[in-house]
Every structure is written in structure tokens, then in C-alpha cells.
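Biologist: Please take a close look at one part of this model, the salt bridges, and then describe how a pair of helices packs.

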Amino acid sequence: MAAEAAGVEGGAESKLGRPSDWLTAEERADVTEKSLGRGLFLLSVHYGLYFVTMIGAVAPLPIAVNVAFGIANGALIGLLFLIGHDSGHSAFVPGRTMNRWITRLVFLPCLHSRSQWDVVHNRTHHRYTNLKGYDYVWAPMSKEEYDNASLPRRLLERTYRSLFGPLIYYWFEFWIPKLVLPVTKQMRAEWKKHLPDSLFVIFVGGGLVALIGVLGSWMAPERSLWLTMLLGWFIPFAVWNYLMALSIFLQHNHPKVPWFDEPSEWSFYGGNIRGTAHVDLPFDFLPLFKWVMLHHAHHALPSVPGYKLTEAQAKLIEAYGDDVVRYRFGIREYRNVYRNCKLFDYENKQWTDFRGRPTAEPILLDSHGRNREGERSAPLLRPASGPRLAPRPVSRPVPAPERERAVPRRRAGGDAPAE
């Protein structure tokens, strides 16, 4: 890249990557403005389509038609989740309380706890993007970790980072252990806070699942209950899980996207600008999905609603274009990503295969992502949406068993609402 080659104007010294760097005050006010009318319109349209496709999945139609509706219903679960993703950042409609209740409602089909999602996504992934040991969204293993892992764990990692990985990744790594009941160490510390949302998911979300069975049995009584639930719940839920896993894989894995394992190397810019990808989709009929793949602007300023991300991302690319990893999604490019992104050499900042052989060029960060002279005295672990936390000591690596406890549990505030 030009700035890497020359280290001149537009290099690290002018690219700290904070929200204020790439937007004027007027632009920032514009792209973070929420619209109640637009938000409620998107919510009603997508929830309406969700119920229409749910009915189609269990109606007395040919099985192939039911399956097609089930796949569409899974896509609608994903689109409703994207609304919840925005409202979880208080970035969908005006008002924190309304955003929270929208999150709860649209998280029912995907059976997610709002408060636990806040911890997993807002307070962990966004604050420490691509910092291994803190951010666990598709975090790559090192060669040493892989070699020291048990045979079942190595086989699981090979499966995850194969063509079929997104079929199971989100089920095993996120939904079951982290997003229903507060059972992990990180969640147990605040289990009383999480319990109301967990009970809401279990009883109201479980009621929605039961409704599928009741509706299918009423519409097609000749079918067995297991077939009704296969068509009306399992296939849609599996499709949603696949789309979710594939999306977050593409957003943070690419031969040009770096990961970090030392807090002293990590920076806001390295994690949130260099550490994510802009994926242009080849279709226009799912705008919510297209918006979420404009990922740099979302990480730089999570308070931007999805329906304003196109504008915000264009301005970010104008400011940091050299460093924005961008590509058009297709079979060839997807193969390039999952074939080359197996393990990560954290010392050389380079992707490798499972034998440790380099599959991509080293990612050069020296002239990007950190004002080396100006930031030495700044907190090394700056939250992803601006300086919101007190400096935390990072003089020694955090031992693995302590890392879950090391993530701050304060409610976020400031530039980009975390909730």
C-alpha cells in the first residue's frame, strides 16, 4: 500500500481510527440520527415476512415447497437478528428503552438473551476486536496452540475452518454455551442481571417454537410432529445459524486481516479498521444483510444505524481507503479465504495452513494503525468506540483461565452506546 511503502501523508500519524477522525461533527450527527418511522417500518415488514414464511414452511404443501419456505424463514430469522444487532447498540430507533425491547422481540426467533448478547458482542467483541484471548469471534489458533491441542480439538478446528465449518460453528461456540443461560464464568458473575432475559427467551421464545408445532399440526394434521418441527423450526434455525457463522467469518478472516495476541500490539485502528473486511454482496434484495457487511464503519462507530452505514462506510473508505480490506463475495473469493485462513502466525502477522506453512504475505502494520510516538502513553486497550474505560494494566499477558474475568463488566456509555 502507498502509505506502507512511503510512510508519508496519510500514514499512521494521521490515522488513529477514532470516530472523530473520519467524520465532521455535522456528518457524525447525520449518520447517527435514528428514525422511529423507518425503524418501525423495517421491523413490521421483516416480522410480517417471518410469519408468512413460517406458515409456508408448515402448510399442507409439497415438501419441496415447505423446504423452500423454511430456508426463506431462516433468512428472515437472520434479518430480524440484524435489527436486534442494531437495537442492541441503541442504533435502530431513538430511545434506549425502545431499542432494548425491540432487541428482545426480534431475538425471540433466534432464541438469544439480550443481556448476554450485550456482553458477548458489545462489551467484548467490539471493545477488543481481533485481540485473541479477549475477542473470541472466529479467533484463529496459532501453530503452537494447534499442535498442543487434543486430537478431537484439532479435528474440530479443521472442521470449523473448512467449507462446512459455518454449519456448526455458531451452534457450538456461541448459541448453546453463551447466549441462552448465564452459565459461563463471564456470565455467572452477573447471573441475576441476565436471568430475566434468559427466562424471557425460554418461556416466550419457547412459546414461539411451540406455536410452530401447534400451527403445523392444525394446518397439516396428517403429518407427524417431528416432520412439522423439522420443516418449521430445525431447517430455518439451521439456515440462520449458517448465515450468522458465515457472516462473522467473512467479517474478520481474510489473508489481509490481522489478529493480535499481545495487548501491547493491539490498537483501536489495528483491530477495527485493519481487522475487519468490507464484503460487497452480489445481490440487492436483502438490504439489511448488505448493510451489515459494510463492517468497518460499524466497528468504528457502532451508533450508526444499519440504514445509514452505506453513507458512513463511503466516508470511512475515503479517509482510510488504503487500509480497508474490500472484496466482492463469490465462490472463488470465499475459497480463497477459507483455504488460506487456517492458523495465524501472531509473531509474523501471517496466515498459515495447518502445517504452519505461510498461505499469505505478512501483514505489515508498522506504518499503520498506531501513532507510535503519540500513543505510547495512551491506554493500550482502548475500547472500540472511543476512550470509555479507565486504563487497565497490561504489563503481563493475562493467563488463559483469567481472561474471561479480565473483560471489564462496566456498562458502556459515551460515544457509541453499547446497549
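Modeller: Salt bridges and one helix pair

K349 and E265 are joined through their side chains by a salt bridge, N to O 2.9 Å; the term stands for a side-chain nitrogen of Lys or Arg within 4 Å of a carboxyl oxygen of Asp or Glu. K349 sits in the loop between strand 3 (343-345) and strand 4 (350-352), and E265 in the loop between helix 13 (225-252) and helix 14 (268-272), so the contact ties together parts that are 84 residues apart in sequence. Helices (H or I, at least four residues) and strands (E, at least two) are DSSP runs, numbered from the N terminus. K349 is buried at 7% relative accessibility, while E265, at 36%, is partly exposed. Buried means under 20% relative accessible area, exposed over 50%, and partly exposed in between (1.4 Å probe, protein chains only).

This is a predicted model, in which local features need pLDDT of at least 70 and side-chain atom pairs count only at pLDDT 80 or more, whereas totals for chains, interfaces and linings use all residues. Residues are numbered from 1 along each chain as its sequence is written, and side-chain values use heavy atoms, with hydrogens and water left out.

The count of salt bridges is 13. R104, R114 and D197 belong to one network, joined by salt bridges that share partners. Another salt bridge links E157 to R153, with 3.0 Å between the closest N and O atoms. These two residues are four apart in helix 9 (residues 151-160), so about one helical turn separates them. E157 is buried, with 4% relative accessible area, and R153 is partly exposed at 29%. D118 and R123 also pair, at 3.1 Å from N to O, and both D118 and R123 are buried.

Now the helix pair. The axes of helix 5 (residues 63-88) and helix 6 (residues 96-106) come within 8 Å and cross at roughly 155 degrees. Axes are lines fitted to C-alpha atoms, for helices over the stretch in contact, and angles run from 0 to 180 degrees between N-to-C directions. Helix 5 is therefore roughly antiparallel to helix 6, a label for angles over 145 degrees. On the helix 5 side, the residues in contact (heavy atoms within 4.5 Å) are L80, F81, I83, G84, S87 and G88, and they meet N99, I102, T103 and V106 of helix 6. By class, this contact has five nonpolar, five polar and no charged residues; Ala, Val, Leu, Ile, Met, Phe, Trp, Tyr, Cys and Pro count as nonpolar, Asp, Glu, Lys and Arg as charged, and the others, Gly among them, as polar.

Technical notes:
Angles under 35 degrees count as roughly parallel, over 145 as roughly antiparallel, 65 to 115 as roughly perpendicular and the rest as oblique.
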